[in-house]
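Please open the model in your viewer and keep the sequence panel beside it. The tour below moves from one selection to the next and says what is there at each stop.

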Amino acid sequence: MGNKVILTAAVTGAVHIPSMSPYLPVTPDRIIEEAVAANRAGAAVVHLHARDPKDGRPSSDTALMKYITDGVRAQCGVVVGITTGGAIGMGIQERLASVPVCRAELASCNAGSVNFCFSGIADKISQPLYDWELPFVKNTYTVPFANTFKDIEDYIRVMADHGTKPEFEVYEVGMISNIAYFMKKGLLKAPVYLQFVTGVMGGIPATVDNLLFLVNTARQVLGEGNFVWSCAAAGRNQFDIAATAIVLGGNVRVGLEDNLYISKGQLAQSNAEPVAKMARIAHELGREVATPEEARQMLGLK
Ligand code: KMH
Ligand code: ZN
């Protein structure tokens with residue numbers, strides 16, 4: 001298994017808005033289709049958010065999230081991960097509510113508070129499709145993404161009670177120490193799963209040096225063998241940083257949550273496209289993609 005790479009498809013997220021791409025999946029059925037197709041293209045894991053089918057706004061509706069996770073599981077064996085980050089502006093309990101309902105194998109667990117700003121999108125959209133879009137993105141200039149120690153502890157406990165493993169979203173290097181704190185407290189079993197989310201405005205920039213810094217810090221703070229890591233890069237550095245992660249022996253997340261483009265100026269027409277591109281790059285670099293079953297073993301899922 002040592003050589004296998006887990007590809008995660010982050011299918012829709014809660015950053016990009018429908019006006020940015022006609023290919024961003026919004027309805028539950030489209031999200032399901034995209035997740036299943038991403039699995040066929042090589043994704044062992046999918047990371048799922050829900051959106052309101054009427055207008056594509058990020059949604060915390062647990063019935064929607066359950067419909068999506070059940071739909072994906074009915075059609076393929078991919079490892080299903082759900083968001084607990086939700087969208088900027090959602091409440092802490094609101095973001096957590098799908099964990100007991102969906103009982104997914106993985107759920108994101110945001111490892112600290114950070115500014116998470118994408119208000120600049122508003123400058124690029126002159127004719128938004130929906131009224132909610134520009135106020136939503138502009139709001140991220142003033143509202144932080146709060147994840148206190150108490151919040152993180154509550155999330156870890158609720159996930160443990162429902163058979164869900166936390167995927168720690170790490171936006172800044174100091175957040176690795178937050179995870180170490182919960183390991184020392186006995187709330188987490190090794191290996192913990194880290195997703196380095198680079199390139200968010202407010203978090204660590206997506207550079208090769210920073211990725212090395214994150215990986216080396218995790219080795220020092222958590223101890224080699226106590227963690228599995230993956231890397232996502234928001235925006236145009238997605239593929240460069242993902243290729244670097246593959247060379248460094250890590251795992252990779254791509255998908256329309258993080259980047260709407262497949263290459264400079266060219267929109268990706270599906271999540272399967274960036275997944276297939278990463279699978280090709282991994283193959284060329286001598287690493288094959290993990291199956292969902294192999295990913296389960298590597299992540300210590302039951
Ligand atoms: N939408 C972002 C605020 C997660 O899924 O946990 C956070 C996010 C991370 O997407
Ligand atoms: Zn997400």
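Which residues in H10 are buried? Select helix H10 (residues 238-247) and you will find that Gln238, Phe239, Ile241, Ala242, Ala243, Thr244, Ala245 and Ile246 are buried, where buried means under 20% relative accessible area, exposed over 50% and partly exposed in between, with a 1.4 Å probe and protein chains only. Helices (H or I, at least four residues) and strands (E, at least two) are DSSP runs, numbered from the N terminus.

Before going on, note that this is a predicted model, in which local features need pLDDT of at least 70 and side-chain atom pairs count only at pLDDT 80 or more, while totals for chains, interfaces and linings use all residues. Residues are numbered from 1 along each chain as its sequence is written, chains are lettered from A and ligands numbered from 1 in the order in which they are written, and side-chain values use heavy atoms, with hydrogens and water left out.

**Around H10**

Because 8 of the 10 residues of H10 are buried, this helix is largely enclosed by the rest of the structure. Show its surroundings next: what covers the buried residues of H10 includes S8, H9, strand S9 (227-233), S10, S11 and H11. Now add helix H11 (residues 272-284), whose axis comes within 10 Å of that of H10 and crosses it at roughly 40°; axes are lines fitted to C-alpha atoms, for helices over the stretch in contact, and angles run from 0 to 180 degrees between N-to-C directions. H10 and H11 are therefore oblique to each other, since angles under 35 degrees count as roughly parallel, over 145 as roughly antiparallel, 65 to 115 as roughly perpendicular and the rest as oblique. Display the side chains, and Phe239, Ala242, Ala243 and Ile246 in H10 meet Pro274, Lys277, Met278, Ile281 and Ala282 in H11, contact being heavy atoms within 4.5 Å. Just beyond, H10 is followed by Gly249, whose phi is positive, near 90°.

**The zinc ion**

Select ligand 2, a zinc ion whose protein donors are His47 (NE2), His49 (NE2) and Glu257 (OE), lying 2.1 to 2.2 Å from it; donors are N, O and S atoms within 2.8 Å of the metal (3.2 Å for Na, K and Ca), and water is not among the atoms, so sites may look incomplete. His49 lies in the loop between strand S2 (45-48) and strand S3 (50-51) and Glu257 in the loop between strand S10 (251-254) and strand S11 (261-263), so this pair ties together parts that are 208 residues apart in sequence. His49 counts as buried at 5% relative accessibility, and Glu257 counts as buried at 11%.

**H7 and H8**

Move to helix H7 (residues 149-161) and helix H8 (residues 175-184), whose axes come within 11 Å and cross at roughly 55°, which makes H7 oblique to H8. Their contact is made by Phe149, Ile152, Glu153 and Ile156 of H7 and Asn178, Tyr181 and Phe182 of H8. H8 is mostly covered, with 7 of its 10 residues buried, and its cover includes H7, strand S7 (165-170), strand S8 (192-198) and helix H9 (208-222).

**Backbone stops**

Most residues other than glycine have a negative phi, and most peptide bonds are trans. With that in mind, select Pro191 in the loop between H8 and S8, where the peptide bond from Ala190 is cis, with omega near 0°. Finish at Arg103, in the loop between helix H4 (98-102) and strand S6 (106-110), which has a positive phi of about 45° although it is not a glycine.
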